[in-house]
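Please open the model in your viewer and keep the selection tool at hand. The stops below go from one group of residues to the next, with a word on what to look for at each.

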Amino acid sequence: MRKIMVSLALLVATIAAGYADDYTIAILPKATSPDYWKAVHAGAVKAQRELESSGTHVGLIWKGPSKDGERDAQIKEVEDFVGQHVSGIILAPVDSKALVPPVEDAADVDIPVVVIDSPLETNAIVSLVAPNNYDCGKNAALCLGELLDGKGKVLLLRTMERYANTEARELGFLECLKQRYPDIKVVSSDQRAGPTEESAYTASAKLLDRFGKDLQGVFTPNEASTAGMDRALKDAGLAEGKIKHVGFDSSDQLVNALRVGDIQGLVVQDPFQMGYLSVKTMVQHLTGKGSVPKKIDTSSQLVTSDNLDDPKCKNLIHPPVSQYLN
Ligand code: BDR
C-alpha cells in the first residue's frame with residue numbers, strides 16, 4: 001500500500017511539473033561544491049535536453065552534500081531514493097565498500113545503478129563510467145619524473161580513505177615512479193588531505209614545514225588536495241616552480257596557477273562527458289535498447305603550460321557549465 005502511495009505521489013508531482021516524465025533519475029555526486037561536480041551536472045543536463053528533444057522525458061534529481069566524505073549522508077540518500085522508487089540512480093560513491101549494501105538493495109528491487117567517477121566493490125551495477133585512474137596516476141609520475149630529470153625528493157599527499165579512484169591514482173603514481181625513476185625518493189606518502197581545500201591546506205602546510213627545505217616535487221591526486229597544496233606552497237614561498245607541483249582536475253584557481261607557473265602539470269578528466277554518458281547509459285538501460293557496457297572509459301589529459309590553450313585542453317578545463325546550469 002505504501003509503495004502505491006509513494007508511486008502515486010511521485011506521479012502527481014511529475015504531472016504537476018507539466019508532463020509525466022518517462023523516467024526519474026537521481027544523481028548523487030560525492031560533493032556539490034567542487035567545480036568538477038558542476039561539470040558532471042551540466043553534462044547530465046545536456047543529455048536530458050537531447051533526450052527531451054527526441055521525445056523521452058527524463059526528470060533529473062541532483063542531490064549531494066556540499067563537501068566530500070559525507071559517507072552516512074550518501075548512504076541515506078541512496079536508501080531514500082530506493083524508497084521513492086526512482087527509475088534509476090547514478091552514484092559517485094564516497095566509500096567503495098560502505099555504499100555496497102544500499103546499492104545492492106536498489107538492485108534487489110530492480111532500481112538500476114550506474115556508478116560514475118569512483119568504483120564500487122559490487123557487480124550489482126549497470127555500468128561504471130570513469131577514466132582509468134591508475135593510468136592517470138602513472139601520467140602524473142611521468143610528468144613529475146621528467147620535470148625533475150629523474151632525480152630528487154618528492155611527496156604524495158593522499159586524499160580520503162576508500163576513495164577507490166584516488167587510491168588508484170596514488171598507486172599508479174608510486175608504482176610508476178619506482179619503476180621508471182629509481183633515483184627519485186618518496187619522502188612521504190601516508191598523509192591525507194581530507195575532504196576540503198581547507199583540510200588539504202592544513203595537511204600540506206605541515207608536510208612543507210617538515211620536508212620543504214629539501215623537496216623537489218609533490219603530487220596531489222584530486223581538486224581539493226591540489227588547491228590546498230597550491231595555497232600552502234605559495235604561503236611557504238615554495239611556489240613558482242621552486243617545488244614542482246603536479247596535481248589533478250581543473251578549476252579557475254588551478255588553471256591560473258598553471259598559467260603563472262605555480263603548478264607545472266594537471267591531470268584533467270572530462271567530468272562533463274562523464275555526466276552526459278551516465279544519463280544516456282541509464283536511459284539506454286531503462287529502455288532496453290541495446291546492451292550497456294559494464295565499463296565506459298572517459299578520457300583524461302595531462303595539461304601543462306605548453307598545451308593549456310590547445311582546443312582539446314580548453315574544452316576539458318572550460319566545459320560549457322553555464323550553458324546548462326542556470
Ligand atoms: C575530485 O574528486 C574525485 O572523486 C574526482 O574524480 C575529482 O578528482 C572532485 O572533487
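**Pockets, cores and confidence**

Begin by selecting H8, which with three residues gives the most to the lining of the second largest pocket. The coordinates on screen are those of a predicted model, and H8 covers residues 223-235, while helix H9 (252-260) is another element that supplies at least two residues of this lining. To find the middle of the second largest pocket, select Ser 33, Pro 34, Glu 197, Glu 223 and Ala 224, which lie nearest its centre among the 15 lining residues. About 200 Å³ of space lies in this pocket, and if you colour its lining by class you should find four nonpolar, five polar and six charged residues.

Move next to the largest pocket, where the space comes to about 250 Å³. Its lining has 16 residues, and those closest to the centre are Asp 35, Ser 250, Ile 317, Pro 319 and Val 321. Which element gives the most to the lining of the largest pocket? Select H2, which gives four residues to that lining, and then add strand S10 (265-269) and helix H11 (311-317), since these two, like H2, each supply at least two residues. Coloured by class, the lining of the largest pocket divides into eight nonpolar, four polar and four charged residues.

Keep H2 selected, for helix H2 (35-53) also gives two or more residues to the largest nonpolar core, as do strand S1 (23-28), strand S4 (113-116) and helix H10 (271-287). This core has 25 residues, and Ile 90, Ile 116 and Val 279 are those with the most contacts inside it. Centre the view on Ile 116 and show what surrounds it: apart from its neighbours within four places in sequence, Ile 116 is in contact with Trp 37, Val 40, Ile 90, Leu 91, Ala 92, Pro 93, Val 129, Met 274 and Ser 278. A second core, separate from this one, has 24 residues, and selecting Val 78, Val 86, Ile 111 and Met 160 will show you some of its members.

Finish by colouring the whole chain by pLDDT, which averages 95 over the protein, with 94% of the residues scoring at least 70. Where is confidence lowest, and where is it highest? Helix H1 (residues 2-16) has the lowest confidence, at a mean of 59, whereas strand S8 (residues 217-219) has the highest, at 99. Where pLDDT is low, the predicted coordinates should not be interpreted in detail.

How values were computed. Residues numbered from 1 in each chain as written. Predicted model: local features only at pLDDT ≥ 70, side-chain atom pairs only at ≥ 80, totals over all residues. Heavy atoms only, no water. Core = buried A, V, L, I, M, F, W, Y, C linked by side-chain atoms within 4.5 Å. Buried < 20%, exposed > 50% of the residue type's maximum accessible area, 1.4 Å probe, protein only. Contact = heavy atoms within 4.5 Å. 1 Å grid on protein atoms, 1.4 Å probe; cavity = no way out; pocket = protein on both sides within 12 Å on 5 of 7 lines; lining within 4 Å. Points joined across faces, edges and corners; volume = space filled by probe spheres on them. Nonpolar A, V, L, I, M, F, W, Y, C, P; charged D, E, K, R; others polar. pLDDT = per-residue confidence, 0-100.
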